[in-house]
Amino acid sequence: MIKNYLKTAFRGLWKNKGFTAINVLGLALGLATCLLIVFYVFDELSYDRYNVKADRIFRVNNDIKFGGNQNSYAVTPAPAAVALKADFPEIEQVVRFRRRGGNQVKKGNQNIQENLMIYADPSLFSVFTFPMIKGDPATALKDPHTVVITESTAKKYFNNIDVVGKVMTFNDTAFYKVTGVIKDIPKQSHFNFDFFMSMSTIGESTQEAWFNNNYTTYILLRPDADYKKLQAKFPEFMHKHAGPQLQSVLHLTFDKFEQSGNYFKLSLFPVTKIHLESNSVAELDANGNIQTVYIFSVIAVLILLIACVNFMNLSTARSSNRAKEVGVRKVLGSARKNLIAQFLIESVIVTLVGAIIAVFVAWALLPVFNDLSGKELIITPQIIFRLLPVLSIFVIVIGCLAGSYPALYLSSFQPIEVLKGKLAAGFKGGLLRNVLVVGQFIISIGLIIGTLVIYNQLKFIQKKDLGYNREHVLIVWDTWTLGNKAKTFKQEVKQLAGVQNVTMSGFLPTSGYSNSTSLFKSPVLDQKQGVLSEVWNVDADYVSTLGIKIIAGRNFSDKMGTDSTALLVNESAAKLLAFKDPLNKNMYIPQDNMAKVMKPFHIVGVMKDFNFKSLRENVTPLIFFYSEDKGALSIRTKSADLKVFVDQVKNKWGELSPNQRFNYSFMDKDFDKLYNSEQRTGKVAVSFTSLAIIIACLGLFGLAAYAAEQRTKEIGIRKVLGANVATIVRMLSKDFIVLVLIAIVIAVPIAWWAMHKWLIGFAYHQDVQWWIIVAAGLGAILIAFIAISFQSIKAALSNPVNSLKSE
């Protein structure tokens, strides 16, 4: 019996090669898209899961509100880790990271700039799962000036991994003994470093400074501990440990400090959620976005749903061709269950073939998808082996579900009616089919609107006046490696043709450098007169080089000796200071941890607010210090040939430091990188939207064929009575266009609501524009009409004699 079912199924599918091919193509595209998104989602959700104790690892965050400004920081005070472990038996272990920038690492006669470096406590390997290939994890980071490196780093510098005991030279002055080699950290980690240096190397790590937040702190809880209950004890912990210093600095108890609306509190963040859900200040690396995962997951389900709906509609479209077959089978004694089994087997076969093709399509498209999404996904035999049970279940479930309606529909035909030529009601009677078509186009229109909104927002970001000019600015990084020659480099670059201005500072709107401190309006530390602000060290050329506007007062000047204690404040900072006129007013900054020494600074100018962070955030207080910083050299140029200009700057660098690597970028490109996530989301959304539209059009194509089939004789009669091609096309297209219009009415408010929720994640954004709605609606109608018109015109041009000769 099964053999007969299969033979009949293959014969029927081969006989209708066109419909079979469309069915298989629709399912294959839908499933391939779903597979690619599943790979992406699983990769995003797998971050930090490589840690054996991942469910017990938490990062300690520091939430601060002071002087009208509030922030969540991914760093804590130096003494917090030790105090937490001492006070709470629920904590099994703690580890701290301290990031202090990169170093030049000597390899032969060349110095290589390495930025993936961090200081870490010896307990690092007790918390995180970093398998050590060489060395002892218990003692590897115990002594000062020791370093643990990754396997690839060991091969890079020594060409082998037997390097324990060897010495590495940093910046030509510091020597670190290699005490361990670990396996490379998996890419699915919220941090990825090549060098772990011993925390005991830096003396500040033992300071009892509760208001200096520089240490990324992780805790490992005991198996039976509840992190929420532990977190509830933190306010008392902070009162106990930070309270005395708060009293000394502000002359306030912790209770009064909090009663005035300020706070200084710790919280716990699960390590497995950091990549997708954390957006705090001083993250160790750029994180992903959980919204992207949700969006892609929904798109995968919707596209797969469209493909399944198409399968049902296309199978139904063949019903009139198979009606007499069903009637004859029933007359010859076939039971309805046998007919249902026959049609379900055909459906499962098509689904199986579609699934097999989908795997190969997903494999072929994976490099393109990786390029669009910024991933490095691979399909290995192990992954295929794991997918086999899931794909098998999918083939059976989808095959049965997608084939159930056609099977039940076709097997329900009454043989006496069928053999008389009377079929079930035509296109207008197919309520379920109409609902499914509307559903398909609701999804397609929603995807079109979403894609257009994303691209419109990205265009808005690129064209928004940020308050500074990022165009034609070449940034030369790591100028600190030039030492005393850095100023000479600046002056020599300034003499090059095409250079308009040059500034030296690592604090740039696109660099991610940050440094916060508290400033006070009087030497008496009154919290009501204080402001927490970002502070940047810049030179006198900074403002003019970046085109920042001074709206009151003046810029720094190297000709005024008093500017060594001068400040430039932005509008946001000036508002919080609440001076009627902030110019020439003094601000005081604590010079030690206990604020026993207060240094006065005076405000010489007010800058117009500019966006120095992501446009997802509002502009916060920012204050410039007139102070040296050799992090980078920014060069504004009007040179028409940038390649030649870069070579000229590189030559100047080589003359001063031939052994140091020349690293550069352009500020506009660095700005674009801040929105890589959104740009990738936009590109992937365009690709998936295109696929959804193609699959939906396949469904319309099938339904148009079905409608033409059902109305063949009607069309023949109308043509005999004088109807022209346009009339026939309008008649066949009208019902479909009405369905698309209904879909537009339903899809627009849903898509508007969803994209409005996405847009409010940006502090600066455009609303959903009216032209996007119009474009999506007209586009859907046009696409639908094109899909329908082929079958409609074909039917309209057919010879009426062929359809009426049997009458």
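The following exchange discusses a predicted model of one protein chain.

Student: On what basis are the residues and values reported?

Tutor: This is a predicted model, in which local features need pLDDT of at least 70 and side-chain atom pairs count only at pLDDT 80 or more, while totals for chains, interfaces and linings use all residues. Residues are numbered from 1 along each chain as its sequence is written, and side-chain values use heavy atoms, with hydrogens and water left out.

Student: What pLDDT does the chain average?

Tutor: The pLDDT is the predictor's confidence in each residue, from 0 to 100. At least 70 is reached by 83% of the residues, and the chain averages a pLDDT of 81. Over residues 424–429 the pLDDT is below 50, and beyond near neighbours in sequence the contacts (heavy atoms within 4.5 Å) of this stretch in the model number 18.

Student: What percentage of the 807 residues is buried?

Tutor: Buried means under 20% relative accessible area, exposed over 50%, and partly exposed in between, with a 1.4 Å probe and protein chains only. By this criterion, the buried share of the 807 residues is 53%.

Student: How many helices and strands are there in the chain?

Tutor: Both are DSSP runs numbered from the N terminus: helices are H or I with at least four residues, and strands are E with at least two. The chain has 26 helices and 25 strands.

Student: Which strands pair with S9, and in which sense?

Tutor: Two strands pair if DSSP finds at least two bridges between them. Strand S11 (residues 174–182) pairs with S9 in the parallel sense over five bridges, and Ile149 has Val181 as its bridge partner there. Val147 stands opposite Met197 in S12. The partners are thus S11, parallel, and S12 (residues 195–198), antiparallel over three bridges.

Student: Which residues of S9 point the other way from Thr146, Val148 and Thr150?

Tutor: In a regular strand the side chains alternate between the two faces of the sheet. Strand S9 (residues 146–150) is mostly covered, with five of its five residues buried. Opposite to Thr146, Val148 and Thr150 point Val147 and Ile149.

Student: How many residues apart in sequence are the parts that Lys233 and Glu90 tie together?

Tutor: A salt bridge places a side-chain nitrogen of Lys or Arg within 4 Å of a carboxyl oxygen of Asp or Glu; the closest N and O atoms of Lys233 and Glu90 are 2.6 Å apart. Lys233 lies in the loop between helix H6 (227–231) and helix H7 (234–241), and Glu90 in the loop between helix H3 (80–87) and strand S4 (91–98), so the parts they tie together are separated in sequence by 143 residues.

Student: Is Glu114 buried or exposed?

Tutor: Glu114 forms a salt bridge with Lys156 (2.6 Å, N to O). The pair links strand S6 (residues 110–114), which holds Glu114, to helix H5 (residues 151–158), which holds Lys156. Lys156 is partly exposed, at 36% relative accessible area. Because its relative accessibility is 7%, Glu114 counts as buried.

Student: Which residues are joined with Lys490 into one network?

Tutor: Lys490 and Asp539 meet in a salt bridge (2.9 Å, N to O), and both residues are buried. Salt bridges that share partners join Lys490 into one network with Lys494, Asp539 and Asp541.
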